[in-house]
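Dear colleague,

I am passing a structure on to you, and I would be grateful if you could look it over. My notes come after it.

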Amino acid sequence: MRIFFLFLTLLCVPPVGAEVPQVQVTDAWVRATVPGQQATGAFMTLQSAAPLKLVEVRSPLAAAAEIHEMQVDEKDVMRMRAISQLDLPAGKTTRLEPGGLHIMLLGLRAEAKAGERTTLTLVLEDAARQRQEIAVNAEIRPLNAPH
Ligand SMILES: [Cu+2]
């Protein structure tokens with residue numbers, strides 16, 4: 001038992017030289033789903049101290065996650081489009097919100113239940129192309145959550 005606890009403690013110690021995240025993430029949430037639903041959106045506000053790019057998102061709820069932007073097509077219809085990365089300019093606030101930029105969780109493995117919490121892993125790349133991962137704790141909000 002003691003060995004087990006020691007092992008857990010070791011896992012919690014950050015590796016030496018780990019970078020301090022340069023981005024602040026607030027108001028992270030995931031829209032709740034109904035049984036059988038295949039996709040949902042994740043939203044948050046990002047503020048970066050240095051120029052960073054969001055290059056990948058992972059979620060234990062979903063087989064895949066994409067960064068989507070909204071665009072008006074030639075028929076004046078708003079459509080979602082996947083983008084490979086999202087620029088986070090230094091000192092600027094980037095909002096991911098319903099109707100705008102968002103993270104699309106695809107191939108849902110489980111129902112996202114309102115009131116529960118989940119973790120989103122953000123992979124960020126700096127100007128030197130160094131990558132860092134940050135874990136974001138996100139609240140699951142009801143389907144009809146306001147913008
Ligand atoms: Cu989308």
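The notes below deal with strand pairing and then with one loop residue.

Please keep in mind that this is a predicted model, in which local features need pLDDT of at least 70 and side-chain atom pairs count only at pLDDT 80 or more, while totals for chains, interfaces and linings use all residues. Residues are numbered from 1 along each chain as its sequence is written.

Strand β2 covers residues 39-48 and pairs in the antiparallel sense with β1, residues 23-31, over six bridges. Here strands are DSSP runs (E, at least two residues) numbered from the N terminus, and two of them pair if DSSP finds at least two bridges between them. Within the pairing of β1 and β2, Val-30 has Ala-42 as its bridge partner.

β2 also pairs in the antiparallel sense with β8, residues 102-108, over four bridges, and there Ala-39 is partnered by Leu-106. A further antiparallel pairing of four bridges joins β2 to β7, residues 93-96, where Thr-45 stands opposite Arg-95.

Glu-111 lies in the loop between β8 and β9, the latter being residues 117-126. Glu-111 is partly exposed because 16 other C-beta atoms lie within 10 Å, given that 20 or more would make a residue buried and 12 or fewer exposed, with C-beta atoms placed from the backbone. Although Glu-111 and Thr-33 are 78 residues apart along the chain, their C-alpha atoms are separated by 5.9 Å. Beyond its neighbours within four places in sequence, Glu-111 is in contact (C-beta atoms, placed from the backbone, within 7 Å) with Thr-33 and Pro-35.

Best regards

Definitions and conventions
Contact = placed C-beta atoms within 7 Å.
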